[in-house]
Amino acid sequence: MELIFVHGALVRDGEWWWRETADLLRRTTGIHSRAVALPSCGEAREEGGLIADAAALRAALDEVGDSAIVVGHSYGGTVIAESGSHPAVQHLLFVSSYLPAVGQTQGMIMSGETDPVSIGDNGDGTLSANGYDASTFGARFLQDADDETQREAWARVTRQAASAFTTPTSVAGWEDVDSTYIICSRDRSTSVELQRLHAGRATRSVELPTGHHPFITRPDLIVEQIQALSGRR
């Protein structure tokens, strides 16, 4: 059993975002995990948008034996959808994420938010978080983390290929796969209403009293969910 983490939009260094949970998971269950490097966030040798990100996830799954859990955070759920089915995937875990229908784009999904995250067009085919600094980013996305963690997170915010937001999904890779959705009830980034809409497409859901990044602020709660679905305690 291996776990693969797919991080959200407009950030880099998935290993850092997942580290707190990865360490606890390894100590308590023996499950090893890793994060996918997303080309759309400039993390891979090749460039690209959603299609390249989905290909990166499939390549990671090809390296797994016969059993994998895939965790998608925020935009990571859209990557999971576009990656399609894979025989190694045993379970999908979505954290404040998306299970888009075929033909939906990341931009379309986010467009219905009453208080959307501010994203600016850089004019070079990339988008960036718009109008934030370390303090305001922390207050919006990591209000339940300490100041140092908020600063480290801000240092990993990056521009992302616009096509990650504008490419329609061509497949719904979450369909017909056992899945759990974690609703983050104190999330200031993705509304609880939108989370519940997508949670309704998963096999089951659970609500946790956290902000947008519980795998940083409450890794114990995330590990509990992984233990339950993997059968390892």
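This passage looks at one buried serine, two cysteines and a small group of paired strands in a predicted model.

A good place to begin is Ser74, which sits in the loop between strand E3 (68-73) and helix H3 (76-83). Ser74 counts as buried because its relative accessibility is 9%, under the 20% cut-off. Beyond residues up to four places away in sequence, Ser74 touches Gly8, Val95, Ser96, Ser97, Tyr98, Thr190 and His212.

The cysteines come next. The count of disulfides comes to zero. Cys41 takes part in no disulfide, and the nearest cysteine sulfur, that of Cys184, is 19 Å away. Seen from the other side, the sulfur of Cys184 has Cys41 as the site of its closest cysteine sulfur, and 19 Å is too far for a bond, because a disulfide requires sulfur atoms within 2.5 Å. Both residues are nevertheless shielded: Cys41 is buried, with a relative accessible area of 4%, and Cys184 is buried at 0%.

Turning to the strands, an open sheet is formed by three of them in the order E5-E6-E7, with antiparallel pairing. Strand E5 (119-121) and strand E7 (160-161) are the edge strands, each pairing on one side only. Strand E6 (residues 126-129) is joined to E7 by two bridges, and these two strands run antiparallel. Within this part of the sheet, Thr126 stands opposite Ala161 in E7.

Methods
Residues numbered from 1 in each chain as written. Predicted model: local features only at pLDDT ≥ 70, side-chain atom pairs only at ≥ 80, totals over all residues. Heavy atoms only, no water. Helix = DSSP H or I, 4+ residues; strand = E, 2+ residues; numbered from the N terminus. Buried < 20%, exposed > 50% of the residue type's maximum accessible area, 1.4 Å probe, protein only. Contact = heavy atoms within 4.5 Å. Pairing = 2+ DSSP bridges.
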